[in-house]
Number of protein chains: 2
Amino acid sequence: MLKYALLGFLKYESKTGYELKQTMDKSTGHFWHAKQSQIYTTLKKLEEDGLVTSHPEPQESRPDRRVYTITESGEKALQEWLLQPVTQLDTTKQLLLLKLFFSGKLAKETILTQLRLLHNLHERQAELYKTESTDFIKEITASQPELKQDAHLWEATRRFGRLHEKMYIRWLDETIAMVDEQF
Amino acid sequence: MLKYALLGFLKYESKTGYELKQTMDKSTGHFWHAKQSQIYTTLKKLEEDGLVTSHPEPQESRPDRRVYTITESGEKALQEWLLQPVTQLDTTKQLLLLKLFFSGKLAKETILTQLRLLHNLHERQAELYKTESTDFIKEITASQPELKQDAHLWEATRRFGRLHEKMYIRWLDETIAMVDEQF
DNA sequence: TATAACATGTAACTAGTTACATGATTGG
DNA sequence: CCAATCATGTAACTAGTTACATGTTATA
């Protein structure tokens, strides 16, 4: 699926692999991410398949950049993918839940420590949604008002992230209280 | 990580690969799942590493079953893993969010149709939590009251599933309303 | 009579991660 | 002076999916 994410970003603007990574981290990071190495290998495959083209851009006193541009064939592939509806639920993998599921014989304090640690992580993540993601949306809509529609959808995905974190924190609070009482 | 899930289940009771698949589907399915083929290959690896042993059980008029049992070394590996706290947030991949993110130029009705389709899927999933998962917990605690502690944790993971579905449905309602107004 | 459940496995493939390799510039 | 940023890539590996192969029995 990463290929479609890359095509999606390249449709807005030609970019290098390095820039694509940064853009993803700032925008889709909380629901779709990739390592730098995977981005480079996927771009290579996309070029082989004719969905993008690239040309190197020489730079002074910096390594050359390779700028990727979406092709017509790439735009078509992206459009087809966008029109194809999602018909299955995403299968998430929640490491903490897996551990917790098998933790019935652990000491109360061990479980509580682990839950509290995750609580911290989620609190921090929830904070990030207040600034980082909104900045990204504001910046773009300020310079490109024709992307207003897009910005509404970006905002919706950010909202999802916030709700998810809130839910998670609420569940951790409940679960911590439960373990505290029952164990 | 599947290896630890399998060890976790085998610690309660020796099982075949087929049974492990069924048990997972009914219990950890919504936060950890695996295909039958992956279960078989992972069991093989676990046996090579000495974390489980297996013996074939001949059956009349049915293919032989291969029953896997956790070893001491396997219990140790499981315990070590359980004690190791989760220090990173899970990176989820939400296909719908990825599509939505790039859907700014699609027709209003196309987006709404896709959101409504997913709404249905999540409604159905939310229903499942009311029966299926609770049954599983009730059955086991009725026959094995010494697993009461475990059952509390299983119930917590089920609760997570319910909260997640509720959050998702709420977000879909909001997002459908937003697209309806803004597009 | 067909299909779901029981039962195990391999091969080929796709997706994603970790580690390695290289090297200049800028900011604290 | 050290860490971060800029910048690209390959190799080896782990995890997970899809497709294939085989065959019986119970149930609708």
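# A guided tour of a predicted protein–DNA model

Begin by selecting chain A, which contains seven helices and three strands. The model is predicted. Following the sequence from its start, the elements of chain A appear in the order α-β-α-α-β-β-α-α-α-α. The radius of gyration of chain A is 21 Å, well over the 16 Å that the globule rule gives for 183 residues, so chain A is more spread out than a compact globule. When the chain is turned along its principal axes, the C-alpha trace spans about 60 × 45 × 35 Å. Of the 183 residues in chain A, 48% are buried. Among contacts in chain A with a separation of 6 or more, 56% are accounted for by residues 24 or more positions apart.

**First stop: the loop at A:Ser14**

Select A:Ser14, found in the loop that runs between helix H1 (2-12) and strand E1 (15-16) of chain A. Is A:Ser14 buried or exposed? A:Ser14 counts as partly exposed, because its relative accessibility is 33% and this class covers values between 20% and 50%. Next, display A:Tyr68: although it is 54 residues away along the chain, its C-alpha atom is separated from that of A:Ser14 by 5.5 Å. Beyond its neighbours within four places in sequence, A:Ser14 touches A:Val67, A:Tyr68 and A:Thr69. With A:Thr69, the side chain of A:Ser14 also forms a polar contact of 2.8 Å.

**Second stop: two buried residues**

Move to A:Thr23 in helix H2 of chain A. A:Thr23 counts as buried because its relative accessibility is 16%, and the limit for this class is under 20%. Show A:Phe9, A:Lys15 and A:Thr28 as well, since these are the contacts of A:Thr23 once neighbours within four places in sequence are left aside.

Then select A:Asp150, which belongs to helix H7 (residues 148-182) of chain A. A:Asp150 is buried, with a relative accessible area of 1%. Apart from neighbours within four places in sequence, A:Asp150 is in contact with A:Tyr12 in chain A and with B:Gly104 and B:Lys105 in chain B.

**Third stop: the largest nonpolar core**

In soluble globular proteins, nonpolar side chains tend to be buried together. Which residues touch the most other members of the largest nonpolar core? Among its 106 residues, these are A:Trp171 and B:Trp171. Select A:Trp171 and display its contacts, not counting residues up to four places away in sequence: A:Leu96, A:Leu97 and A:Leu100 in chain A, together with B:Ala156, B:Arg159, B:Phe160 and B:Leu163 in chain B.

**Last stop: DNA strand D**

Finally, select DNA strand D and the 22 residues around it, of which A:Tyr18, A:Gln22, A:Arg66, B:Ser37 and B:Gln38 come nearest. Sugar or phosphate holds 68% of the strand D atoms within 4 Å of the protein, and the rest belong to bases.

Three contacts deserve a closer view. A polar backbone atom of A:Arg66 is 2.8 Å from a phosphate oxygen of DNA strand D. A polar side-chain atom of B:Gln38 is likewise 2.8 Å from a phosphate oxygen. At B:Ser37, an N or O atom in the side chain lies 2.8 Å from a base oxygen of DNA strand D.

Colour the elements that give two or more residues to this surface: helix H2 (17-27), helix H3 (36-48) and strand E3 (65-70) of chain A, and helix H3 (36-48) of chain B. Which element gives the most? It is H3(A), with four residues. Coloured by class, the surface near DNA strand D shows five nonpolar, nine polar and eight charged residues.

Terms used: Residues are numbered from 1 along each chain as its sequence is written. Chains are lettered from A and ligands numbered from 1 in the order in which they are written. This is a predicted model: local features need pLDDT of at least 70, side-chain atom pairs count only at pLDDT 80 or more; totals for chains, interfaces and linings use all residues. Side-chain values use heavy atoms; hydrogens and water are left out. A nonpolar core is a set of buried Ala, Val, Leu, Ile, Met, Phe, Trp, Tyr and Cys residues joined through side-chain atoms within 4.5 Å. Buried means under 20% relative accessible area, exposed over 50%, partly exposed in between (1.4 Å probe, protein chains only). Contact means heavy atoms within 4.5 Å. A residue is near a molecule or strand if one of its heavy atoms lies within 4 Å of it. A polar contact is a pair of N or O atoms within 3.5 Å; within protein, one must be able to donate a hydrogen and the other to accept it, and residues adjacent in sequence count only if both atoms are side-chain atoms. Ala, Val, Leu, Ile, Met, Phe, Trp, Tyr, Cys and Pro count as nonpolar, Asp, Glu, Lys and Arg as charged, and the others, Gly among them, as polar. The radius of gyration is taken over C-alpha atoms; the globule rule is 2.2 Å times the number of residues to the power 0.38.
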